[in-house]
Amino acid sequence: MNDEILVTCRINGEDVTLQGDPADSTVSALRARGLYGVRETCGLGVCGTCTVLLDGEPVSSCILPLYAMDGRTIRTVEGAASGETLSGLQEQFIESQAFQCSFCTPGFLASAQALLDQTEGELTRQQVEDGLQGHLCRCGSYEAINEAIRICSRNRESTPGGAGCAAS
Ligand code: FES
Ligand code: FES
């Protein structure tokens with residue numbers, strides 16, 4: 001059995017120290033802190049449900065070991081909102097009814113926000129599909145999810161400063 005380690009990182013804007021087995025999964029560590037928006041399904045890195053942003057890049061937190069969080073910045077779906085104010089992307093998911101059971105939604109939101117943050121202009125359907133590769137939605141809400149993200153990308157074109165659907 002491995003010795004426990006201390007890991008310091010920044011989660012949703014808060015500097016924290018975590019303790020645990022170095023091989024513990026990040027999804028477990030985050031949920032242990034009450035961040036239940038991070039959800040685990042396959043535990044194998046193939047469904048996208050557990051996706052969070054690690055230094056701005058979407059990663060599967062079920063296969064990210066605790067030791068790899070050291071010195072990193074993590075953002076979960078809880079960190080996308082500002083208090084009671086949802087991000088523009090979250091609002092658009094509601095507007096477009098881009099979910100049914102919503103179990104997969106936090107993971108989709110993470111990758112969608114990264115896609116919007118890392119691109120410019122109005123995205124095509126194919127660009128969104130490419131950006132969401134590896135995400136599964138068992139309710140089959142793919143069309144509405146794709147539409148919500150494309151609307152966000154279109155809005156940033158027409159918003160002064162390009163702020164459409166920015167993270168809050
Ligand atoms: S639960 Fe992590 S990728 Fe499926
Ligand atoms: S909305 Fe139910 S799994 Fe995607």
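Helices are DSSP runs of type H or I with at least four residues, numbered from the N terminus. Phe93 lies in one such run, helix H3. The legends below describe close-up views of a predicted model.

**View 1. Phe93 of helix H3 and its surroundings in the predicted model**. Phe93 has a relative accessible area of 2%, so this residue is buried, the cut-off being under 20%. Beyond the neighbours within four places in sequence, Phe93 is in contact with Ala98, Phe99, Thr105, Phe108 and Leu109, and also with Ile145, Ala148 and Ile149. Ile145, Ala148 and Ile149 are among the buried residues of helix H6. Leu53 stands 40 residues from Phe93 along the chain, and the C-alpha atoms of the two are separated by 18 Å.

**View 2. Helix H6, residues 142-158**. H6 has 17 residues and spans 25 Å from its first C-alpha to its last. The expected value at 1.5 Å a residue is 24 Å, which is close to that span. The buried positions of H6 are Ala144, Ile145, Asn146, Ala148, Ile149, Arg150, Ile151, Cys152, Ser153 and Arg156. An α-helix has 3.6 residues a turn, so residues three or four places apart point the same way. The buried residues of H6 pack against three helices: H3 (88-95), H4 (105-117) and H5 (125-131).

**View 3. The crossing of helices H3 and H6**. The two axes come within 9 Å and cross at roughly 130 degrees. H3 is therefore oblique to H6. The crossing is right-handed. On the H3 side the contact is made by Gly88, Leu89, Gln92 and Phe93. H6 contributes Ile145, Ala148, Ile149, Ile151, Cys152 and Asn155.

**View 4. The open sheet**. Its 5 strands are arranged in the order E2-E1-E5-E3-E4, with mixed pairing. E2 (14-20) and E4 (57-60) are the edge strands; each has a single partner strand, so one side of each lacks a neighbour in the sheet. On average, neighbouring strands of this sheet are turned by 40 degrees against each other, direction ignored. Helix H4 lies across E3 (51-54), E4 and E5 (73-75), and runs at about 35 degrees to E3.

**View 5. Strand E1 and its pairing with E2 and E5**. E1 (residues 5-11) pairs with E2 in the antiparallel sense over 7 bridges. Gly20 in E2 is the bridge partner of Ile5, and Glu14 in E2 is the bridge partner of Ile11. The hairpin of E1 and E2 has 2 residues between the strands, and Asn12 takes a positive phi near 50 degrees there. E1 and E5 run parallel and are joined by 2 bridges. Ile11 has Ile74 as its bridge partner in E5.

**View 6. Asp55 in the loop between E3 and E4**. Asp55 is not a glycine, yet has a positive phi of about 50 degrees. The relative accessible area of Asp55 is 43%, so this residue is partly exposed, a class that runs between 20% and 50%. Strand E4, at one end of this loop, is an edge strand of the sheet.

**View 7. Ser102 and Phe103 in the loop between H3 and H4**. Ser102 is a residue other than glycine with a positive phi, near 75 degrees. Its relative accessibility is 26%, and Ser102 therefore counts as partly exposed. Phe103 is also partly exposed, at 38% relative accessibility. Not counting residues up to four places away in sequence, Phe103 touches Arg39, Glu40, Thr41 and Thr49. The C-alpha atoms of Phe103 and Gly71 are separated by 29 Å, and these residues are 32 places apart along the chain.

Key
Residues are numbered from 1 along each chain as its sequence is written. Chains are lettered from A and ligands numbered from 1 in the order in which they are written. This is a predicted model: local features need pLDDT of at least 70, side-chain atom pairs count only at pLDDT 80 or more; totals for chains, interfaces and linings use all residues. Side-chain values use heavy atoms; hydrogens and water are left out. The expected span of a helix is 1.5 Å times one less than its number of residues. Buried means under 20% relative accessible area, exposed over 50%, partly exposed in between (1.4 Å probe, protein chains only). Contact means heavy atoms within 4.5 Å. Two strands pair if DSSP finds at least two bridges between them. Axes are lines fitted to C-alpha atoms, for helices over the stretch in contact, and angles run from 0 to 180 degrees between N-to-C directions. Angles under 35 degrees count as roughly parallel, over 145 as roughly antiparallel, 65 to 115 as roughly perpendicular and the rest as oblique. A crossing is left-handed if the near helix is turned anticlockwise from the far one by less than a right angle, and right-handed if clockwise.
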